[in-house]
Amino acid sequence: MMERRFPPWLKRKAPSPSDLKRMNELFDGLNLHTICVSAGCPNIGECFSRKTAAFLILGDNCTRRCGFCAVRKGAPLPVNNKEPESLLKAVRTLGLQYVVITSVTRDDLEDGGASQFVKVIEILHKEGIVVEVLIPDFCGSHEALTAVVGSSPHVINHNIETVPRLYGRVRPGAGYHRSLDLLFYVKQLDPSIITKSGLMAGLGESRNEVINVMRDLRKRGCDLLTIGQYLQPSSRHYPVASFISPERFSEYKRIGMEIGFASVASSPFVRSSYRASELYACAVSKNVLLPEAGTP
Ligand code: SF4
């Protein structure tokens with residue numbers, strides 16, 4: 001994360017070296033990656049001390065060049081066929097009951113990596129684990145998405161990331177409506193899957209633009225929402241336009257709940273996998289499977 005003067009609410013305790021060492025040894029030994037490390041997540045101290053992590057499958061080289069993302073860009077690695085089994089070993093070692101799986105975007109693969117998601121979901125299902133997948137847009141492929149939905153993860157998360165006006169600069173290669181369509185299509189295919197999305201704040205968006213995105217997501221039946229402060233990973237990445245106050249984050253949460261999300265996590269350090277099991281539990285306790293999404 002790039003060093004700059006942060007407001008007081010963005011100070012975070014340094015992670016414990018022993019927690020980092022223990023977790024990294026486990027993942028390195030199994031040839032696994034986490035988004036926690038690859039994206040330089042500021043919550044790594046907290047999550048690793050609680051022995052939780054969000055797994056990054058399909059390697060740690062991304063085929064897209066999103067301006068906000070710290071994950072390495074470059075030639076993608078061959079798909080590791082041992083990955084589902086290795087991931088299961090890590091999950092058993094950590095005693096996880098709720099697992100978040102994400103991936104780099106693999107535009108080089110014919111199915112965008114969907115079949116690897118399916119293998120991982122299936123192996124975790126056999127173990128009785130609750131599975132949340134944070135998926136890429138699969139270049140809009142319904143076939144790839146249908147395969148993932150067909151393996152019945154409990155939650156499908158797909159981040160909308162930012163407001164449509166900023167897509168060209170922040171998320172080239174993606175499309176605002178393509179991402180909305182993906183979330184809508186999941187609900188059409190299987191309304192029993194909880195859907196989730198996430199937004200970064202502080203990229204230059206206005207309050208009204210954020211509210212409009214929330215409305216767009218709810219119109220597609222999206223159940224859960226995360227909103228957190230964008231932090232620039234390095235001077236080569238998209239700059240932070242502003243630090244959003246904790247009060248504004250609370251306001252977004254209140255408005256999101258009024259708009260009809262089952263739950264909204266909105267505060268400076270929220271990331272899409274942050275305390276994911278708690279957000280899922282909120283949805284389950286409210287028995288969301290909210291009224292079906294209509295035609296947007
Ligand atoms: S918030 Fe998510 S990405 Fe960040 S450390 Fe926690 S589990 Fe990992």
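**Exercise 1.** Which handedness does the β-α-β unit made by β3, helix α5 and β4 have?

*Solution.* The model is predicted. Start with the strands. β3 covers residues 98-103, and β4 covers residues 130-134. Helix α5, residues 114-126, belongs to the unit with them. The β-α-β unit is right-handed. Now follow the chain onward from β4. Helix α6 (residues 142-150) carries the chain across to β5, and this β-α-β crossover is also right-handed.

**Exercise 2.** Find the pairing on each side of β4, with one bridge partner for each.

*Solution.* Take β3 first. β3 and β4 pair in the parallel sense, over five bridges. Thr102 has Leu134 of β4 as its bridge partner. Turn to β5, residues 155-157. Three bridges join β5 to β4, and the two run parallel. Here Val133 stands opposite Ile156 in β5.

**Exercise 3.** Place these strands in the whole sheet, and name its edges.

*Solution.* Write the order: β1-β2-β3-β4-β5-β6-β7-β8. These eight strands form an open sheet with mixed pairing. The edges are β1 (33-34) and β8 (263-266), each pairing on one side only. Next, check the link between β2 (residues 54-57) and β3. Four bridges join them, and they run parallel. Phe55 stands opposite Ile101 in β3.

**Exercise 4.** Why is β4 largely enclosed by the rest of the structure?

*Solution.* Apply the cut-off: a buried residue has 20 or more other C-beta atoms within 10 Å of its own. Four of the five residues of β4 are buried, so the strand is largely enclosed. Then add the helix. α5 lies across β2, β3 and β4. Its direction is at about 165 degrees to β4.

Terms used. Residues are numbered from 1 along each chain as its sequence is written. This is a predicted model: local features need pLDDT of at least 70, side-chain atom pairs count only at pLDDT 80 or more; totals for chains, interfaces and linings use all residues. A residue is buried if 20 or more other C-beta atoms lie within 10 Å of its own, exposed if 12 or fewer, and partly exposed in between; C-beta atoms are placed from the backbone. Two strands pair if DSSP finds at least two bridges between them. A crossover is right-handed if, with the strands pointing away from the viewer, the path from the first strand over the helix to the second runs clockwise. Two residues are in contact if their C-beta atoms, placed from the backbone, lie within 7 Å. Axes are lines fitted to C-alpha atoms, for helices over the stretch in contact, and angles run from 0 to 180 degrees between N-to-C directions.
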